[in-house]
Amino acid sequence: MNSGIFLNNTQQLSFPSRIILIGFMGSGKSTVGKLLASSLDYQYMDTDALIEKMEGMSVSDIFAKHGESYFRKLESEVIKTLTDYESIVISTGGGMPVFENNMALLNKAGITIFLNVGVETIYQRISKDNTRPLVTANTDATLKDFIKNKLQERIPFYKQAQVLVAGGRNPRLVVKTILTKIATKKQH
Ligand code: S3P
């Protein structure tokens with residue numbers, strides 16, 4: 001698939017070289033990111049996967065062995081390397097925008113897209129997940145409140161993104177909205 005499905009060539013040529021997806025766990029960053037990358041003929045990268053490769057262990061193991069603050073330091077290091085990449089869609093970990101001056105750095109590194117998804121959808125998508133340490137730290141009874149509180153805390157950071165898009169829909173529609181919003185933004 002290529003973006004010809006969604007946009008004409010002139011619009012495609014003017015696309016920013018780094019498109020950075022931010023948002024809560026379960027907001028669809030990976031699914032939408034991969035689809036967006038293939039629609040633009042861009043590469044796709046996930047900051048969690050990059051960190052796992054750097055450390056030679058899973059995010060869960062990093063949290064368990066070294067703690068969350070160590071993981072957050074790795075995230076901040078990774079941000080500084082993002083400008084090394086061109087023609088790429090980058091999915092970020094859900095907490096990345098919240099720490100240090102990460103959101104400002106992300107906004108400098110590329111065009112940032114916030115995938116906005118509600119508590120219920122997030123809960124449905126992540127409640128059975130056993131790879132996310134912040135999810136497995138909760139019980140079924142506490143998870144929804146955890147999501148509600150964390151999301152509320154993080155929203156002000158996510159809203160610093162340059163483009164806000166409603167997630168929680170068919171990924172192809174979300175990609176189409178992102179492409180249109182970026183193309184429209186470029187014209188102003
Ligand atoms: C986290 C989200 C995860 C991962 C880590 C912490 C968070 O990424 O970075 O488990 O703080 O929300 P995803 O958003 O890709 O699940």
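A polar contact is a pair of N or O atoms within 3.5 Å. By that cut-off, R154 makes such a contact in this predicted model, because one of its polar side-chain atoms lies 2.7 Å from an oxygen atom of the ligand. Taken alone, the ligand exposes 390 Å², and the protein buries 95% of that area.

**Site of the ligand**
- The ligand occupies the largest pocket.
- Two elements, α5 (68-81) and α8 (133-136), give two or more residues to the shell around the ligand.
- The ligand is surrounded by 13 residues, and the closest are K29, D48, R72, R132 and R154.
- By class, the shell residues divide into 5 nonpolar, 3 polar and 5 charged.

**Further polar contacts with the ligand**
- At R132, an N or O atom of the side chain is 2.6 Å from an oxygen atom of the ligand.
- At G94, the backbone takes part: one of its N or O atoms lies 2.8 Å from an oxygen atom of the ligand.

**Salt bridges**
- The model has a count of 7 salt bridges.
- One salt bridge joins the side chains of R72 and E75, with an N to O distance of 2.8 Å.
- R72 and E75 are separated by about one helical turn, because they stand 3 residues apart in helix α5.
- R72 therefore belongs to helix α5, and this residue is also among the closest to the ligand.

Note on methods
Residues are numbered from 1 along each chain as its sequence is written. This is a predicted model: local features need pLDDT of at least 70, side-chain atom pairs count only at pLDDT 80 or more; totals for chains, interfaces and linings use all residues. Side-chain values use heavy atoms; hydrogens and water are left out. A residue is near a molecule or strand if one of its heavy atoms lies within 4 Å of it. A polar contact is a pair of N or O atoms within 3.5 Å; within protein, one must be able to donate a hydrogen and the other to accept it, and residues adjacent in sequence count only if both atoms are side-chain atoms. Accessible areas come from the Shrake-Rupley method with a 1.4 Å probe; for residues, only the protein chains shown count as cover. On a 1 Å grid over the protein atoms alone, a cavity is a set of points where a 1.4 Å probe fits but cannot get out, and a pocket is an open set with protein on both sides within 12 Å along at least five of seven lines; lining residues have an atom within 4 Å of a point. A molecule sits in a cavity or pocket if more than half of its atoms lie within 2 Å of its grid points. Helices (H or I, at least four residues) and strands (E, at least two) are DSSP runs, numbered from the N terminus. Ala, Val, Leu, Ile, Met, Phe, Trp, Tyr, Cys and Pro count as nonpolar, Asp, Glu, Lys and Arg as charged, and the others, Gly among them, as polar. A salt bridge is a side-chain nitrogen of Lys or Arg within 4 Å of a carboxyl oxygen of Asp or Glu.
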